[in-house]
Amino acid sequence: MTVRLRRLIPYAALLVALPALAEVALPQEIADLSIEELANIQVTSVSKRPQQLAAAAASVFVITADDIRRAGAASLTDALRLAPNLHVAQGTGYGFSISARGLNGSNNSVGNKLLVLIDGRSVYTPLFSGVFWDVQDLVMEDIDRIEVISGPGGTLWGVNAVNGVINITTRSARDTAGTLASLRAGSRGVDTAFRYGSGNLRVYGKYLDHRPTELASGAPVDDSRHQSQLGFRHDSSSGEDRFSVHGNAYRGRADQPAPGLLSVTGLNPVLGPIVSSGINLTGLWTRSLEGGASVSLQAYADRTRRAVVPIFSEDLDIIDLQFQHALVPTGAHRMVWGANYRRSWDEVSNGAIVAFLPEQLSQTWSSLFAQDEIALREDLHLTLGARVERNPYTGVELLPTTRLAWSAAPGHTVWGGLSRTVRAPSRLDVDAFIPGSPPFLLRGGAQVRSEVAKVLELGYRGQPMAGTSFSVTAFHNRYDHLRTQEVDPSQTFVTFGSLMEGKASGIEMWGSAQVASNWRLSAGLVALHQRFRLKAGSNDTAGPGTARKDPSHTALLRSTFNLASDKELEVGVRKVGALDNPAVPAYTAIDARFGWRLRPELELSITGHNLNGGHAEFGQAATRTQVGRELAVKLVWRTF
């Protein structure tokens with residue numbers, strides 16, 4: 001037995017033992033939702049319609065509002081660490097790479113196979129098919145839930161939903177009436193937020209000021225950050241019609257750590273700040289029709305500006321239109337279909353280090369999808385679906401899926417799935433040139449292809465006994481046309497190619513047990529094995545090692561304990577395996593939060609992250625942040 005497997009045994013044993021621990025549990029709930037209620041929570045990410053989590057034929061983990069509050073999460077990235085099926089890796093004070101089921105990096109990008117939505121608005125950037133996590137911010141108390149799907153979601157959500165979908169939903173304005181003010185101060189800095197809600201409207205403001213982090217040597221990293229944000233949400237209804245309009249505006253400034261590509265270009269400029277700003281507006285109309293049918297139309301506009309001095313700056317405008325129609329259930333069939341149109345206008349001001357050519361570019365994406373859930377028997381449901389999507393670089397892509405769910409017994413679901421999904425090329429793949437003027441060392445990749453994943457999944461979700469829940473999924477991914485860096489025959493420059501293939505196999509499982517009336521345990525474990533190889537014709541000198549930026553295993557244990565009716569204690573332990581390239585040692589992190597409701601309208605909490613000491617998570621040893629111990633105090637005052 002290998003050392004890695006031996007290390008996993010205690011975590012796997014705990015997951016298996018959770019149902020037995022619950023034999024002493026009392027039925028009284030300790031959190032906002034009991035385990036039984038969590039099994040029946042409504043999710044929308046799997047089938048684009050509300051359905052019970054227990055019946056969903058996909059690997060889904062739901063982070064609830066109560067989870068976020070009890071863990072003391074100060075940001076979206078903090079909250080996402082609560083999902084056992086995600087790898088959240090911090091490289092700098094505000095730089096994160098987040099993925100599910102591996103490929104949390106390649107030789108030209110990071111975290112580019114995960115689709116992220118906030119209230120239906122996609123926040124991935126077509127610049128590199130990833131997410132600038134530093135500008136994704138919300139009032140944490142306004143988040144209703146975060147649905148994390150690990151696995152393909154291309155049929156319903158389109159390209160880039162390769163290894164997962166994160167769907168963040170905020171509360172309706174009608175559920176946030178009153179005034180809320182919060183202040184969080186700690187060793188990382190200060191966060192403050194204000195929100196006022198009345199009737200169908202809420203408005204909010206938020207400000208953060210974060211100090212720079214440190215290297216393992218103790219030297220400071222130039223990554224301090226400041227950001228201000230304002231927003232609103234309005235919800236209303238009239239008869240069978242429901243309307244929602246929400247918007248956000250932000251402006252931020254962050255110091256810039258030295259990027260690794262400077263060593264490639266041989267340039268050593270003075271780095272200025274990263275200045276980001278944006279404004280977005282989203283509208284959603286939904287109508288309930290006779291017989292259980294419904295129709296919805298969503299539109300949003302998003303304008304962002306990001307200046308990375310002196311490397312480049314980008315002005316990006318996006319409009320997105322989505323239509324969806326759920327048909328009247330007919331016999332054994334429940335069908336939904338829809339269409340999506342997305343257009344962007346991108347203008348880049350190039351510097352001496354990097355150039356995106358052409359500097360001005362307009363692009364269009366369009367797609368049609370349909371999915372039918374067929375009741376073969378009362379306890380057996382087959383889902384067939386497909387999306388046809390056209391992107392600017394590789395044309396038409398087909399994204400099909402087949403899923404089968406069997407309700408083996410009340411409270412027990414066995415499911416399987418077979419899907420094909422892709423990541424379409426981005427501007428970074430095709431239009432990037434280094435340095436910013438000839439002679440170029442890197443000349444884009446005009447011939448790159450879409451990265452393809454064919455995915456087989458088999459899972460179980462259920463409640464082995466009262467007060468317990470358990471979910472386990474085995475998966476096998478086959479990848480093709482993964483990105484490579486090819487040396488031109490002239491030996492004078494490199495270009496991006498699509499000459500790598502690979503496989504990824506693994507298992508992910510999590511569960512919860514109500515150990516006592518005031519104590520709940522939750523645990524999760526993911527084991528992953530990846531294999532990559534270059535295809536004939538490739539001369540990529542870095543080779544398959546450029547894709548190995550994922551831990552072979554991660555584990556999570558959380559203890560939620562009510563000390564009294566007004567006092568609570570949350571303790572979490574995270575274990576993350578080592579990374580191969582670049583090498584990052586395995587680490588264990590211990591987090592804790594003590595909350596005390598001083599008065600019905602006033603709550604005090606003390607949070608500690610990485611209480612057992614600092615560790616590295618991602619990036620080159622010479623430049624990466626040593627994620628250190630953090631202590632923070634938070635006050636939340638609200639009127640109802």
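**Stop 1: serine 362**

Start by selecting serine 362, which lies in strand β20, residues 360-377. Keep in mind as you look around that this is a predicted model. Is the residue buried or exposed? Neither label fits: serine 362 counts as partly exposed because its relative accessibility is 34%, between the 20% limit for buried and the 50% limit for exposed.

Now show what surrounds serine 362. Setting aside neighbours within four places in sequence, you will find Arg343, Ser344 and Trp345 in contact with serine 362. Two of these deserve a distance label. Draw one between the side chains of serine 362 and arginine 343, where a polar contact spans 2.9 Å. Draw another from the side chain of serine 362 to the backbone oxygen of serine 344, and you should read 3.3 Å.

Before moving on, add threonine 421 to your selection. Between serine 362 and threonine 421 there are 24 Å in space, C-alpha to C-alpha, and the two are 59 residues apart in sequence.

**Stop 2: the largest cavity**

Next, turn on a cavity display if your viewer has one. How many cavities of 30 Å³ or more are there? The count is twelve. Go to the largest, which holds about 330 Å³ of space. To find its centre, select Val135, Gln136, Tyr250, Asp302 and Thr304, the closest to that point among the 25 lining residues.

Then colour the strands that contribute. At least two lining residues come from each of β7 (121-122), β14 (241-254), β15 (274-288), β16 (294-308) and β17 (312-326). Which strand gives the most to this lining? That is β16, with four residues. Colouring the lining of the largest cavity by residue class gives you ten nonpolar, nine polar and six charged residues.

**Stop 3: strand β10 and its two partners**

For the last stop, select β10 (residues 178-186) together with β11 (residues 189-198); these strands pair in the antiparallel sense over nine bridges. Follow the chain from one to the other and you trace a hairpin, with two residues between β10 and β11. For a landmark on this pairing, pick serine 182, whose bridge partner in β11 is alanine 193.

Now add β34, residues 630-638, to the view. Strands β10 and β34 run antiparallel and are joined by seven bridges. Here the pair to label is leucine 180 and arginine 638, with the arginine in β34 standing opposite the leucine.

While you have strands on screen, try showing their side chains: in a regular strand, these alternate between the two faces of the sheet.

Note on methods:
Residues are numbered from 1 along each chain as its sequence is written. This is a predicted model: local features need pLDDT of at least 70, side-chain atom pairs count only at pLDDT 80 or more; totals for chains, interfaces and linings use all residues. Side-chain values use heavy atoms; hydrogens and water are left out. Buried means under 20% relative accessible area, exposed over 50%, partly exposed in between (1.4 Å probe, protein chains only). Contact means heavy atoms within 4.5 Å. A polar contact is a pair of N or O atoms within 3.5 Å; within protein, one must be able to donate a hydrogen and the other to accept it, and residues adjacent in sequence count only if both atoms are side-chain atoms. On a 1 Å grid over the protein atoms alone, a cavity is a set of points where a 1.4 Å probe fits but cannot get out, and a pocket is an open set with protein on both sides within 12 Å along at least five of seven lines; lining residues have an atom within 4 Å of a point. Grid points are joined across faces, edges and corners, and a volume is the space filled by probe spheres set on the points. Ala, Val, Leu, Ile, Met, Phe, Trp, Tyr, Cys and Pro count as nonpolar, Asp, Glu, Lys and Arg as charged, and the others, Gly among them, as polar. Two strands pair if DSSP finds at least two bridges between them.
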